[in-house]
Number of protein chains: 2
Amino acid sequence: MPTQARERLLRAAEELFYAEGIRAVGVERLLTVSGVGRASFYRHFDGKDDLVVATIRSYSAHRLAWLREAVAAADGDPLAAFDALAASFGAPDYRGCASINAMVEAADPASAAHLAAADHKIALTTFLRDRLTARGHTDPGLAEKLVLLLDGATVTALRERSARPARQARELAELMLARA
Amino acid sequence: MPTQARERLLRAAEELFYAEGIRAVGVERLLTVSGVGRASFYRHFDGKDDLVVATIRSYSAHRLAWLREAVAAADGDPLAAFDALAASFGAPDYRGCASINAMVEAADPASAAHLAAADHKIALTTFLRDRLTARGHTDPGLAEKLVLLLDGATVTALRERSARPARQARELAELMLARA
DNA sequence: TCGAGACGGTACTGATCGGTACCGATCATC
DNA sequence: GATGATCGGTACCGATCAGTACCGTCTCGA
């Protein structure tokens, strides 16, 4: 197991970056929380920016798997994504979507972190589009609108901290699909 | 005009914070850009956090006035907000909504900056609710859904940089109001 | 048994962070 | 023409930033 420290760093980074923000968490903090030595960190990553990108990719993979599971449990209904969100919106430590947060913090749209975060949304859109076409919805714009609704609910939950935005977004999604 | 320096600081802060992020802009930078002396800054504000809150409030006032004007120019149609967004989404330096960005950067939901940013969305919701009721839409949840759609479009535009998210959100809003 | 590689810990760098103290210049009012 | 408020500029503070260098330790395979 040569890369045990790397996993610990990624786990700590995912937690800390999500809870407090990317810029707010220094390397020192990451080292103490993960229990990884300073040199080991720079052996596994080129620097903090590299860790940030790796963390976003890790988050994206976990998040997509989580969503895939939720949708699969609902017999492939993509609207189950809203119910999955609703269940997490009430948490006191809810901080929105790490991908959105990363795009906000990494202001430069050409930065690796910003692009990695945008990639997550592309993957999410692709996943939802597949689910929609499997259910007979061929309009490719529907998946993008679903993501728009998911993101809108997520941002709203950032200040409301209740399941309501997810329910409201789901109502709009139902209306949209009923019309399509 | 005793507070000339204060205005210059607010203007510089609004620009820099929006373009690069709150944490990314140091006090040094604010001073050189605004041309204000270090002492003058701390005479007008208790510190950077105080300036951040004042900047958010200033942004909120400007933004609401801008939206009010756009809606008024469309004979009070609240959906004109989507057209106003669409016009700004394509800009190369578009960075989303300063209020959303501030809520993301100020992770602590009890922080003054986070609360000030949330206040903006409350004021926006109130404004849209007034416009909706004036047009015969009494369901109070409609205004919240409009804000959800506006925020969803804004976040989407952060990575798409085109007017499309605004158009898509407007379609959903039209569908919603037609149904109500 | 011995080396190689991964590891944690510490010391250190230059730069920047937010914030304080003090300076002299400017300007309006009396 | 003196007074007081506001101003820009600079020096400085301790703390923290990301990053580098080097140390001794542990484990594992040859």
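Biologist: How many residues surround DNA strand C?

Modeller: This is a predicted model. A residue is near the strand if its C-beta atom lies within 6 Å of it. The closest are A:Gly37, A:Arg38, B:Gly26, B:Ala39 and B:Gly47. The number of residues that surround DNA strand C is 22.

Biologist: Which element gives the largest share of the surface near DNA strand C?

Modeller: Two or more residues each come from helix 1 and helix 3 (38-44) of chain A, and from helix 2 (27-34), helix 3 (38-44) and helix 4 (48-73) of chain B. By class, this surface has seven nonpolar, eight polar and seven charged residues. The largest share, five residues, comes from helix 3 of chain A.

Biologist: What relation holds between chain A and chain B?

Modeller: Chain A superposes on chain B with an RMSD of 0.0 Å after a rotation of 180° and 0.0 Å of shift along the axis. That is the relation of a two-fold axis.

Biologist: In chain A, which C-alpha is nearest the axis?

Modeller: The axis in question is that of the 180° rotation superposing chain A on chain B. At 1.8 Å from the axis, the nearest C-alpha of chain A is that of A:Gly152.

Biologist: Which helix of chain A gives the largest share of the side that touches chain B?

Modeller: In all, 35 residues of chain A are in contact with 35 residues of chain B. Elements giving two or more residues to the side of chain A include helix 1 (4-20), helix 7 (112-134) and helix 8 (141-160). The largest share, 13 residues, comes from helix 8 of chain A.

Definitions and conventions: Residues numbered from 1 in each chain as written. Chains lettered and ligands numbered in written order. Predicted model: local features only at pLDDT ≥ 70, side-chain atom pairs only at ≥ 80, totals over all residues. Least-squares fit on C-alpha atoms with pLDDT ≥ 70 in both. Contact = placed C-beta atoms within 7 Å. Helix = DSSP H or I, 4+ residues; strand = E, 2+ residues; numbered from the N terminus. Nonpolar A, V, L, I, M, F, W, Y, C, P; charged D, E, K, R; others polar.
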